[in-house]
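User: I am new to this structure and would like to learn how to read its contacts, one feature at a time. Could you take me through them?

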2 protein chains.
Amino acid sequence: MNVSPKSEPAGLIPIGEAERRSGVAKETLRVWERRYGFPSPVRDAAGDRLYTAEDVEKLRLMKTLIDHGDRPARLAPLSREDLVARLLTPSPANDGEAGAWVEDALDRLRRHDVDGLRELMQSAIYAQGLARFVQDNVATLTRAVGEAWIGGRLQVYEEHLFTEQLVRILRGALDGLPRPAAARPRVLLTTLPGEPHALGLLMAECLLALGGARCLSLGAETPPAEVVAAARAHGADVVAVSFSAMVPAEAARRAAADLRAALPPETELWAGGASAAHVGPAPGVRTLPNLPDIPEALDHWRSVAAGPR
Amino acid sequence: MNVSPKSEPAGLIPIGEAERRSGVAKETLRVWERRYGFPSPVRDAAGDRLYTAEDVEKLRLMKTLIDHGDRPARLAPLSREDLVARLLTPSPANDGEAGAWVEDALDRLRRHDVDGLRELMQSAIYAQGLARFVQDNVATLTRAVGEAWIGGRLQVYEEHLFTEQLVRILRGALDGLPRPAAARPRVLLTTLPGEPHALGLLMAECLLALGGARCLSLGAETPPAEVVAAARAHGADVVAVSFSAMVPAEAARRAAADLRAALPPETELWAGGASAAHVGPAPGVRTLPNLPDIPEALDHWRSVAAGPR
DNA sequence: CATTCATCTTGTCCTGGACAAATGCCTCAG
DNA sequence: CTGAGGCATTTGTCCAGGACAAGATGAATG
């Protein structure tokens, strides 16, 4: 009986909508109100909570910070600006010197010049090769876009637009690469439920394919049991899972451990993405927090596993 | 403190997980138990509900049927087989005669011969053109895959795999098409929050691009306010939104009406996808439930809007 | 400096009631 | 027989306020 873009009487947001938009569960919203006094929504005639857009924005920032390890009690009293500042500090002094290329790309994005953006990216690939493009340009650009979004200098749809064009470019490049059926290792790529970001996956696939691996991507949000079934059915040498910064550290750790336990021992498990570092040194899990780790891991696999089969 | 693939003591599923897997909200699960006696989960030592995998499977089927207009009170007493039967009846007698091509494709999918699957699709494009491929082969194949999944004859990851390969093929075809910057109409494609399926969008984009339109895809799940902002910023003549069968009919109707109200009057709104028919005849919204409607709509737009600008 | 243990914090789940919106059903006039 | 209008029922969402397990923190100890 309820819909996402519910009729908003005066721009006020009911609790279900607030959950969807901020990512904070309804129960948690009520308990935060009880414990920390934030948020303190007004009520409609029926006594139902109505949140302001500012509340929801602050909740979204809090959620992001909590996923990075912060604690709600510390964050609740802070202002929106404080939260934004705290989100941006971890990555130091890269605001002005982001590089002319990145600035150029951001500029085209702001002007919605999608063709120009794609051309810029395509020529960067031709100029320096796909590997350096993925490792340098894309990584920097993605971070710059993320920060611009946090700081409110970019609309949500502009971020969507950016992702869409980037996916397009990378997919195109990938299709141009040879895919020898017998190549090794056979790598199964995916993301676990709750992690919808497939971009990191695509970047990883580029580097793996460049390194001569045989890639098979399942796309995002594959249930763990299905990952295991697919790995078995496809005879994968390696299962590569991407954890974006969105995933709470603890969730990533546990998911990796569970998957490791369920996979055949001879299948390697590689964890990539921003939260991969938090997966920590786990037995039988190779963490590749940075993209350049990928070619290295491939080399290592070949030197170790060259014998069998 | 909770994670998707939570440690399952004996294959039993706590309520949060059940919500994620079935798509039925926690509150609704409790209220169904109170009213209809289904599901009736066992409890752990703390009194928390624990659902079986069969319960969750039945819940997922019920949710699908309810989204199609059925009512929970009627469905709760039925068995899993009854639900499956009810889901499959609407599309009559297309089980055996699905066509040799579709059978071939399904077969390759079951054998995880992804390269073979892509080759098959690619040659179909060459043989009959992109338009017929999208309208006939893809539409039939997608339905066949969906039905195989409902009937349990296909794993979830196999469906992921299928989607991934299809997206790849379509994206590749799309990149081969000319994109004259001045072409009209300018169409903005997207999906509203809650609708993650981007495949329909991609199919529509193919047909629109073939029809000479200038497409700009925002990808999935763009908030309505952002759709409006993007349409304005990009000077879109048409905003095309895709509603898959996953979207409840009422939700689709309301979302379309809200979006229509928020868009500038001179911007047309087109609704496509399986639930588009349920959007019903709404003022100012053009519903395109079937893919062949797209070229038609393009012709109509050109004949009407040829004058202005 | 590392490790163990007690204390705090935090998210999730519980019950049982309430209500508004939407749907289906029935009646009545044309 | 058909269509419009009104009433009853169905259904999803929300509320309050309490409880608890598991993780994080910090202090005391070896």
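User: Which atom of DNA strand C does a polar side-chain atom of Arg49(B) lie 2.7 Å from?

Analyst: A polar contact is a pair of N or O atoms within 3.5 Å; within protein, one must be able to donate a hydrogen and the other to accept it, and residues adjacent in sequence count only if both atoms are side-chain atoms. Here a polar side-chain atom of Arg49(B) lies 2.7 Å from a phosphate oxygen of DNA strand C, and for Arg43(B) a side-chain N or O atom is 3.2 Å from a phosphate oxygen of that strand. This is a predicted model, in which local features need pLDDT of at least 70 and side-chain atom pairs count only at pLDDT 80 or more, while totals for chains, interfaces and linings use all residues. Residues are numbered from 1 along each chain as its sequence is written, chains are lettered from A and ligands numbered from 1 in the order in which they are written, and side-chain values use heavy atoms, with hydrogens and water left out.

User: How many residues surround DNA strand C?

Analyst: A residue counts as near a strand if one of its heavy atoms lies within 4 Å of it. There are 23 such residues around DNA strand C, with Trp32(A) and Arg30(B) among the closest, and sugar and phosphate make up 73% of the strand's atoms that come within 4 Å of the protein.

User: How many salt bridges does the rule find across the interface of chain B and chain A?

Analyst: A salt bridge is a side-chain nitrogen of Lys or Arg within 4 Å of a carboxyl oxygen of Asp or Glu. The rule finds 12 across this interface, including one that joins Arg171(B) to Glu164(A) at 3.2 Å, N to O.
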